[in-house]
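Q: Please take a close look at the salt bridges of this model. Which side chains pair up, and where do the partners lie?

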Amino acid sequence: MMIQINNMSKAFESLQAVEDINLSVRKGSIYGLIGSNGAGKTTILKLLAGIYRQDKGDVTIYEQPVYENINLKDKVFFIPDQPFFFSQYTVKQMAAFYKNIYSGWNDKRFESLSEVFEMSINKKIHTFSKGVQRQAAFLLALSTMPDILLLDEPMDGLDPVVRKKVKNLLIHDVAEREMTILISSHNLREIEDMCDHIGIIHKGKLLMEKELDDLKSDIHKIQIAYKGKVPESVMEQLNPVHLEKRGSVMLCIVRGNEEELTAKIRNSNPVIFDLLPLTLEEIFIYEMEDLGYAIKNIFI
Amino acid sequence: MPSKISLFNKEIALQISRSIGWVSLVYFLGLAFILPIRMMMYYGEEYRFIHQENNLFRYDFPIQMIFMIIVPVLLAVFLLRFLQVKLSVDLMHSLPLKRESLFFQYTLTGLFFLLLPIVAVALLVAVLHGVMDLDTYFGLKDIYGWAGYTIMFNIIIYSAGIFVGMLTGISAVQGVLTYILLLFPAGITLLIFVNMGTLFYGFPSDYFLNRELEKMSPLTTIYILEHNSFSWTTIGTYLAITLVLYLLSLWIYKKRKTEAVTQAIAFPKLKSIFKYGVTFCVMLLGGMYFGEVQNHYGWTVFGYAVGTIIGYFAAEMVLEKTWRVFGHIKGLIIYGAVFTVLAVSVPFLTGYENRVPDQEDVKGVILTNNHSVFIHNYEDIFKPSPLTDEQSIQQVRELHKQIVANKRSNNGISPSSETALFIYELKDGNKVIREYVVPRDLYTQHYKPIYESEKYKRAVNEIFKVKPHQAEKVTIQSHGMVPKHITITDSAEVEELVAAVQKDILEESYESMVYRQGNSASMEIYMGGNSFVYLELKPSYNNLKEWLERKDLLHRAMVIADDISYILVGKESDIGLDPYSIDSRQVHEKLENHPNTIKITDKARIQECLDRATWNIEETYIASFMYETEESPELKAFHRDHAPEFIKKHFEE
């Protein structure tokens, strides 16, 4: 495992920020950490960046503890939710700074990315808008060629075009050189199209960790209707997670293999039968209901 | 990779220089205007001022001092912004740099920028020294000395700033706490000694406070630079403290959590120490202020209470970063309760106050009314020596016991107020030191045998520390309206003179010692070097007078009857003095016009008046001395007990 967090807790004085977290991220994966404000996302990212030190448990990258480990930190780049630059610095000066600090710095990459972002590298960063500042942060981060990129609410303040551009760049690096990304967001929709893993964090606890491909193939929304009474055997077999009736049409959320389900239902001769796609958000809502959490508290 | 992570990182140094370079520049410009540019102005070829300063601190010292106090703290504060700004903390600590390297990189670059202006200005002055040939004004050694001391103070204050910066997460708190830390050693010592004096009757506060207290804090010692240098011990101590603070800073930094940023106190465990520490100090300050100003028990208690409340809430405000903390009174109540219990139990701890060492335990005892002889630079040989004989120890102990027994009646201001400092040396090596201010008149029967004993006189009078043959030169000045002054250098004469005065002092009575006489003259005995003994000459010193008479020097050394043409004496109650504006001519006229006034012209009587009069004119009889050579009279007075018989007779009939 690239990133491994075991039984980790961290408190700020009397405030327990995260508690007993277990989390693992494979190399080359894009892991989305979803949770509302104050859930502990940033704390986890800062622990992985070596900014904080955990009170309990382990925080490791390549099976080594991160805190004060400069060889590891050389391969990790953290972009906070509010990117910070030294006052009065231009992009070029910041680049010189990072070049001096990170061994992986790549000048060519910096040049080509500057073009992609159409960045005026000789201008002082504080004169830029919030969105351009964030692009500058991406530009600098990707130029250090990190093995691990930690992104805290990275899409805030970016317009859809830039969002797309950034996502493509990130995915490109993941595909090209197996970069690993840990990305936090309070909004699932914002990152669902790029993540392959999702972790849901609530009040300092990691509620669930899922691989998206599994999720999508494992849960289905079905619309069925029968002439007359619904055959009981079908309902027993389907064992729906969620069931709604609209007149004679039933809307079920069921788990299981798509083909098996289809076969079972066809056998019961329904009048209407549709297998509908589920959005990721819906999947999580039903998964969380399964675990006994009222979803509204977790998503905005 | 290792080269990138080595101690010195060019880009970090550059970043530091961009954020703090201005402090360095301002310091450089300041020093440049004070020293090299000022020197070019003073010593320019057109007109050379005779402005000899072999101490470079004397050029605008106040400004140099202000720079020395402000610049290092300012630098430390701006330097550690990387630790006190949230976003910056996250950035700097996510970089692949160890805390040690961040620490050394920042503090050493900061140090470089702190010292650069000093070294540059020292070099400029050295160049000027060569070019303008300033050797007549100061030497190269003075330049090194200046640079050395300036660096010494800058680095100790700088290291204190760094140290405090590691303990706090707010730049403003860092600045303020740095100065508090720098003043703390001297301040807390002062507070504790003064408050002990208030709480425990007889605690020798002044005796302790005379010990170079200001040297305990760099801020209070800087002023010395203008006139003096420091001993190598002091320099060594300062440098050691600098190093300790610096290394402690690193140690604390490694323990510090990054999330401590924006917290007034970066370590949760230190918060209560800070809170109750501030409460305690302000409590002592309140007690000291009201205790010293009002000198009344009720006011002192009020001072403690007010200090406690102010200190507690002030600390709470800093910790909570808001002034709305008046609901947080749990800690205050507990603190208040603990200290009330302690304060109430103080009177029961009378062991300290009542302790007078037993006769058989005492090896020796010093009794003196002048605690300033124990200040640090007072010459050792002149310090009073202990009384070691049984009888003297017994007498001193009796006096001490009586003072303790009279605790309640010793208070209040009395014209005969006298400090009584007791220093017992015990046989087991311990010391018992007590200090009181007592109305001496209440203890005449105790003081008289001590003060009149030869052993005591020899122990405390400085003149007995001088062997007559050691004295090189003696001068005598009269204090009358007619200035008189003689100097005696002949060694045989000096020896005789010193011996005569010693004899006079041994013969002097207690009454003569304590009567605040208008002393006719004073004497200084020089012993080579800067060492000399000063003493007031009393009219009762007959051996001295005889000696001067024999040498025909008396009339040149002191005011004698021949200098006075006549004296007018009246009752103070008849004349009515306004003590705030005394016009001697007016008083003289009033005396002339008053029917009861006595005019003295007989030389023998005039001499008697001269011997008996006192400068303290608020006494029973007021006297106007008219000199032969002067137009204005000189006012003196006689205490009823000390007035010549013929005057008493005149007014009492």
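A: The following account treats the salt bridges of this predicted model one pair at a time. Over all chains, the count comes to 27 salt bridges.

In chain A, the side chains of A:Arg26 and A:Glu211 meet in a salt bridge, with 3.8 Å from N to O. A:Arg26 lies in the loop between β2 (15–25) and β3 (30–34), while A:Glu211 belongs to strand β10 (residues 205–211), so the pair ties together parts that are 185 residues apart in sequence. A:Arg26 is partly exposed, with a relative accessible area of 43%. A:Glu211 is likewise partly exposed, at 28%.

In chain B, a salt bridge joins B:Lys545 to B:Asp611, and their closest N and O atoms are 3.4 Å apart. This pair links helix α21 (residues 542–550), which holds B:Lys545, with helix α25 (residues 603–612), which holds B:Asp611; the two residues are 66 residues apart. B:Lys545 counts as buried, because its relative accessibility is 15% and the cut-off for buried is under 20%. B:Asp611, at 23% relative accessibility, counts as partly exposed.

Helix α25 of chain B also contains B:Lys603. The side chain of B:Lys603 meets that of B:Glu628 in a salt bridge of 3.7 Å, N to O. B:Glu628 is found in the loop between β10 (621–627) and β11 (634–638) of chain B, and the partners are 25 residues apart. B:Lys603 is partly exposed, with a relative accessible area of 33%, and B:Glu628 is partly exposed at 47%.

Finally, salt bridges that share partners join A:Arg109, A:Asp173 and A:Arg177 into one network.

Key:
Residues are numbered from 1 along each chain as its sequence is written. Chains are lettered from A and ligands numbered from 1 in the order in which they are written. This is a predicted model: local features need pLDDT of at least 70, side-chain atom pairs count only at pLDDT 80 or more; totals for chains, interfaces and linings use all residues. Side-chain values use heavy atoms; hydrogens and water are left out. A salt bridge is a side-chain nitrogen of Lys or Arg within 4 Å of a carboxyl oxygen of Asp or Glu. Helices (H or I, at least four residues) and strands (E, at least two) are DSSP runs, numbered from the N terminus. Buried means under 20% relative accessible area, exposed over 50%, partly exposed in between (1.4 Å probe, protein chains only).
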